[in-house]
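Work through the two exercises below with the sequence and the model side by side, and try each task before reading its solution.

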Amino acid sequence: MRILVINPNTTPSMTAKIGLSAQAVASDTTEITTLSPDKGPASIEGFYDEAYCVPGVLEIIRKGEIMGYDGYVIACFDDPGVDAAREIATKPAIGICQAAMYAASMVSTSFSVVTTLPRSIPIIERLAQHYGMTHFCRRVRAAALPVLSLEDPHSNAIEQIKAEIYQALEQDRAESIILGCAGMSDLAQWLSCETGVPVIDGVGAAVKMVEALIGLGLKTSKVGAYGFPLPKPYQGDFAPNQWES
Ligand code: 5HY
């Protein structure tokens, strides 16, 4: 099977890191391709960045459908554009937040999320509600670091994340930890060993769940909300994005 992993931001080093994390857990028979849009924000930190990364993500999904991919992973913890992606995709499309929360709920009775900046907390809290995960989610915390500091080997990012994890274990009584940014995907295994609790990376969780859905022969329903968009004229720069029946 062929899975297309999309990093919705435009930072090549993070796209490469996400690709390695996806490849590391993929089955031998799974071919992973990792892409990012050629337009949009260098990192996604808040609603505005999130809104502007979506058109690029959807263009990649449209190309993926033409190229016959079997499934998609949207590798940003805000799960940007996942519902719109499911409208244009016939194959399964999963966001890393949803995947990580469902995985955590199967290996623990409670989890806390450690994300980057405080402004991402309300976005993730809303997603926990949307996915029916509020009774599992003890707290969404921020390690107070910009997303791109995860790309800087000289930053103190890893220590800040670790410190926040210990706070979560102590104060939230969390039984597992979810890393709330795709840029943290390479830290999960090491942090699990360091902390002694499951530390979950959404990129890996989403790849395994897409593999499972493909293995079950499941496709995205084209009945109702995830049916193909209705053809209509789009104006201006988005004219090329209008849906043709
Ligand atoms: C992410 N931003 O996973 C989110 C995390 C965040 O560019 N990739 C990003 O902080 O919202």
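For sorting residues, Ala, Val, Leu, Ile, Met, Phe, Trp, Tyr, Cys and Pro count as nonpolar, Asp, Glu, Lys and Arg as charged, and the others, Gly among them, as polar. The model is predicted, with local features needing pLDDT of at least 70 and side-chain atom pairs pLDDT 80 or more, while totals for chains, interfaces and linings use all residues. Residues are numbered from 1 along each chain as its sequence is written, and side-chain values use heavy atoms, with hydrogens and water left out.

**Exercise 1.** Describe the largest pocket and its lining (on a 1 Å grid over the protein atoms alone, a pocket is an open set of points with protein on both sides within 12 Å along at least five of seven lines, and lining residues have an atom within 4 Å of a point).

*Solution.* Begin with the volume, the space filled by probe spheres set on the grid points, which are joined across faces, edges and corners; for the largest pocket this is about 360 Å³. Next, find its 16 lining residues, of which Val 25, Ala 188, Gln 189, Asp 201 and Gly 204 lie nearest the centre. Sorted by type, the lining holds eight nonpolar, five polar and three charged residues. Finally, helix 8 gives the most to this lining, with four residues (a helix is a DSSP run of H or I, at least four residues, numbered from the N terminus).

**Exercise 2.** Describe the largest cavity (a set of grid points where a 1.4 Å probe fits but cannot get out).

*Solution.* The largest cavity holds about 130 Å³ of space. Its lining has 15 residues, with Ile 44, Cys 76, Phe 77, Val 147 and Cys 181 nearest the centre, and these 15 divide into eight nonpolar, six polar and one charged.

Note on methods: Helix = DSSP H or I, 4+ residues; strand = E, 2+ residues; numbered from the N terminus.
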